[in-house]
Amino acid sequence: MRDTRESRLLLILLVAVAFALITVDIKGGEDSPLGGARRAAASVLGPVERGAAGAVDPVAGYVRAIRDASTHQERLDQATRENAELRQRLASSDAATGRTKQLDEMLRTAGAGGYTVKAAQVIAIGPAQGFSWTITIDAGSDDGLTRDMTVINGQGLVGRITTVAPTTATVLLASDPGFTAGVRLEGNNEIGFAAGQGTGPMKIQLLNGRAQVKEGDRLVTFGSHSGRPFVPGVPVGKVVQVEATPGQLTKTIQVEPFVQFTRLDLVGVVVVPPRTDPRDAVLPPATAATAAAAPAPAAPAAAAPPTTTGGH
């Protein structure tokens, strides 16, 4: 339609008629004279509207499903992150609790023996030297450590330092086949030499072939001159087998170590040896059966208070 005077007048007339009809329909309510026309239009246009809605609803539902799925995934991701953070906090708490317990046990051992120790954490396991059973700790010469220092934990003898760097050190474990240490039976003066056997018990040769020894007897380190490489009195293990060696000058026994070498975490390096030999004072209290069968021990020297030069 061209924009002419007649067309504009027609448009104005149609708008006026539309407003008039709307006014009449509103005022008439349910009795509106236009109700029949409205119902007729609804009957004609209703199927068209339903068809259009049926065509649009699947698309709208798909859009809603995508939106809801995105919301559910976000909630799932948030819950997963929260669970991971909670597990990490619990793991950190458990690790801190475990190390605190290890430190307490080690300090009790050091206090009973009069050892001054430097606490260190295991940061790597061997082999650092050939095929030796070794660990690496996070303390070194900068912390006052030197070669041939005794290494302990809360249970007993761990090993000795073999090499030292400024911030780390290598420890040869007592389980290594090349490891040797002088030991002494609890409650008497029977001495011998202990050697590691990997994952098996330690093998000990007692110098006295007629030494009275039985299963369950315990041993400690005999000690070295100036406490290098071993300070005296450190718990080593308990006897699990006595080999029959009639007529031999020495007696062979198998000893289960007190230390679990595959579960080392926090250790202590003895930087200052005890002033006196603690004898058997570092060993935990014996059971009633062990105490009844063991010879009367010599009176232990007074234990010095626990001392540490720091920890990691």
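**A walk through the predicted chain**

V240 lies in strand 10, which covers residues 235-242. The model that contains this residue is predicted, and V240 offers a convenient point of entry into it. The relative accessibility of V240 is 30%, so the residue counts as partly exposed, given that buried requires under 20% and exposed over 50%. Apart from neighbours within four places in sequence, V240 is in contact with P201, E215, Q254, V255 and E256. One of these partners, E215, is 25 residues away along the chain, yet the C-alpha atoms of V240 and E215 are separated by 5.0 Å.

The wider setting of this strand can now be described. The chain has three helices and 13 strands. Of its 312 residues, 33% are buried. When contacts between residues at least 6 apart in sequence are considered, 62% of them join residues at least 24 apart.

An aromatic pair gives a specific example of a link across the sequence. A search of the whole structure finds one such pair. Its members are F179 and F230, in an edge-to-face arrangement with 5.4 Å from centre to centre and 70° between the planes. The pair connects distant parts of the chain, its two residues being 51 apart. F179 belongs to the loop between strand 5 (169-173) and strand 6 (180-185), while F230 belongs to the loop between strand 9 (218-221) and strand 10, the strand that also holds V240. Both F179 and F230 are buried, whereas V240 is partly exposed.

Attention may turn next to open space. The largest pocket holds about 300 Å³. It is lined by 14 residues, of which Q102, N153, Q155, Q260 and R263 are the closest to its centre. Helix 2 (residues 35-113) gives the most to this lining, contributing four residues. By class, the lining comprises four nonpolar, six polar and four charged residues.

Confidence remains to be considered. The mean pLDDT of the chain is 78, and 61% of the residues score at least 70. Among the elements, strand 3 (residues 150-152) has the highest mean pLDDT, at 97, and helix 3 (residues 288-293) the lowest, at 49. Over residues 292-306 the pLDDT is below 50, and this stretch has 20 contacts in the model beyond near neighbours in sequence. Where pLDDT is low, predicted coordinates should not be read in detail.

How values were computed:
Residues are numbered from 1 along each chain as its sequence is written. This is a predicted model: local features need pLDDT of at least 70, side-chain atom pairs count only at pLDDT 80 or more; totals for chains, interfaces and linings use all residues. Side-chain values use heavy atoms; hydrogens and water are left out. pLDDT is the predictor's confidence in each residue, from 0 to 100. Contact means heavy atoms within 4.5 Å. Buried means under 20% relative accessible area, exposed over 50%, partly exposed in between (1.4 Å probe, protein chains only). On a 1 Å grid over the protein atoms alone, a cavity is a set of points where a 1.4 Å probe fits but cannot get out, and a pocket is an open set with protein on both sides within 12 Å along at least five of seven lines; lining residues have an atom within 4 Å of a point. Grid points are joined across faces, edges and corners, and a volume is the space filled by probe spheres set on the points. Ala, Val, Leu, Ile, Met, Phe, Trp, Tyr, Cys and Pro count as nonpolar, Asp, Glu, Lys and Arg as charged, and the others, Gly among them, as polar. Rings of Phe, Tyr and Trp (its six-membered ring) pair if their centres lie within 6.5 Å; planes under 30 degrees apart count as stacked, over 60 as edge-to-face and the rest as tilted.
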